[in-house]
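Visitor: I am new to this structure. Please take me through a close look at a single part of it, and then show me how that part sits among the rest.

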Amino acid sequence: AYGINEMGQVVGHCRPGTGVQLALLWEDDEIIELDPLPGRDNAQAFGVNDLGDVVGSSWYPTGPYTLSVDRATLWQDGGAGIVDLGRTPGPPVCSGEHFYPDNIALAVNNHRQVVGHAQCIASGGALAAFLWKDGVNYNLNDVIPPGSGWDLIKATDINDAGEIVGIGIPPGGGSYLRGFLLVPLATSVDGGAGTEWSRRSLKMEVSPNPFNPTTTIGYTVPD
């Protein structure tokens with residue numbers, strides 16, 4: 001089991017004797033199997049919001065490469081539909097296109113905004129944190145000023161205020177990982193066309209204030 005909401009619904013996955021991995025939702029003492037995306041037969045679930053929406057990924061391990069990779073998946077509450085969250089923009093070395101082929105969704109808030117990570121096996125397993133919002137999959141590194149020096153590799157959770165947490169490599173950090181917090185500001189840009197955010201790195205070793213204000217940067221995600 002990986003996630004639980006305020007209603008006591010639990011999500012996770014299992015691999016029975018068939019060898020096929022199943023995404024599962026537990027509610028009211030009943031286990032419900034969540035169907036993978038069309039054309040795939042494996043799935044895993046990691047997060048659930050208070051509406052009962054579930055996120056994870058689907059794949060078909062023995063099929064062609066386009067199917068064997070993970071595709072981030074949203075299962076909408078009440079059987080309202082299963083959504084392919086698409087591919088995260090990335091370098092062309094990944095698949096010959098400007099997208100990361102592997103995407104796994106880890107968390108969803110009550111506005112159906114989803115976060116997770118994308119991976120590119122072809123470039124040594126490079127990772128990128130993503131946000132899926134209103135049908136668009138954003139690479140969070142693409143909306144940070146190029147000079148920031150940060151590499152956001154995984155977004156692990158998002159709350160209803162749109163605040164995102166995860167891990168990344170700070171400027172000059174080499175292979176050292178640090179937690180990050182993405183905080184939406186009250187102001188907007190372009191006359192309300194987008195929301196301005198600030199990013200602050202989480203320094204776990206700093207106490208009592210864990211945030212380093214010198215790492216605050218602005219970026220925009222359209223409303």
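Guide: What follows is a close look at the sheet that begins with strand 1, and then at the pockets and other places around the chain.

A word on the source first. This is a predicted model. The protein has 223 residues, and 46% of them are buried. It contains one helix and 19 strands.

Now the sheet. It is open, it has four strands, and their order is 1-2-3-4. The pairing is antiparallel. Strand 1 and strand 4, the latter covering 30-34, are the edge strands. Each of these pairs on one side only.

Take the strands in turn. Strand 1 covers residues 3-4, and strand 2 covers residues 10-14. Two bridges hold this antiparallel pair together. Ile4 has Val10 of strand 2 as its bridge partner. The two strands make a hairpin, with five residues between them. Gly8 sits in that turn, and its phi is positive, about 85 degrees.

Move on to strand 3, residues 22-27. Strand 2 runs antiparallel to strand 3, and five bridges join them. Here His13 is matched with Ala23 of strand 3.

The last step crosses to strand 4. Strand 3 and strand 4 are also antiparallel, with five bridges. Glu27 finds its bridge partner in strand 4, at Glu30. In any regular strand, side chains alternate between the two faces of the sheet.

Stop at the loop between strand 3 and strand 4, where Asp29 is found. Its phi is near 60 degrees, a positive value in a residue other than glycine. Most residues other than glycine have a negative phi. Why does Asp29 count as exposed? Its relative accessible area is 69%, and the cut-off for exposed is over 50%.

A similar case turns up further along the chain. Asp134 is not a glycine, yet it has a positive phi of about 50 degrees. Asp134 lies in the loop between strand 13, 126-133, and strand 14, 136-139. Asp134 counts as exposed because its relative accessibility is 61%.

Next, the pockets. Rolling a probe the size of a water molecule over the atoms shows where empty space is left. The largest pocket has a volume of about 230 Å³. It is lined by 15 residues. Closest to its centre are Leu34, Trp75, Gln76, Gly78 and Gly79.

This pocket leads back to the sheet. Strand 3 and strand 4 each supply at least two residues of the lining. So much is also true of strand 7, 71-76, and strand 8, 81-84. Strand 4 gives the largest share, three residues. By class, the lining has six nonpolar, five polar and four charged residues.

The other end of the sheet has a link to a pocket too. Strand 1 supplies at least two residues of the lining of the second largest pocket. Strand 5 (42-48), strand 11 (102-108) and strand 15 (151-158) each do likewise. The second largest pocket holds about 190 Å³ of space. Its lining has 17 residues, and Val48, Asn49, Asp50, Val108 and Asn109 lie nearest its centre. Seven of the lining residues are nonpolar, seven are polar and three are charged.

Follow strand 15 a little further. Strand 15 pairs with strand 16, residues 164-169, in the antiparallel sense. Six bridges join the two. Asp157 stands opposite Val165 in strand 16. These strands also form a hairpin, again with five residues between them. Gly162, in the turn, has a positive phi of about 85 degrees.

One more residue deserves a stop. Trp59 is part of strand 6, residues 54-59. Is Trp59 buried or exposed? Trp59 counts as buried, because its relative accessibility is 11% and the cut-off for buried is under 20%. Asp102 is 43 residues away from Trp59 along the chain. The C-alpha atoms of the two are separated by 9.5 Å.

Finally, step back to the whole protein. Consider contacts between residues at least 6 apart in sequence: 38% of these join residues at least 24 apart. The protein exposes about 10,600 Å². Carbon and sulfur atoms supply 55% of that area.

Key. Residues numbered from 1 in each chain as written. Predicted model: local features only at pLDDT ≥ 70, side-chain atom pairs only at ≥ 80, totals over all residues. Heavy atoms only, no water. Pairing = 2+ DSSP bridges. 1 Å grid on protein atoms, 1.4 Å probe; cavity = no way out; pocket = protein on both sides within 12 Å on 5 of 7 lines; lining within 4 Å. Points joined across faces, edges and corners; volume = space filled by probe spheres on them. Nonpolar A, V, L, I, M, F, W, Y, C, P; charged D, E, K, R; others polar. Buried < 20%, exposed > 50% of the residue type's maximum accessible area, 1.4 Å probe, protein only. Contact = heavy atoms within 4.5 Å. Areas by Shrake-Rupley, 256 points an atom, 1.4 Å probe, with all protein chains shown as cover.
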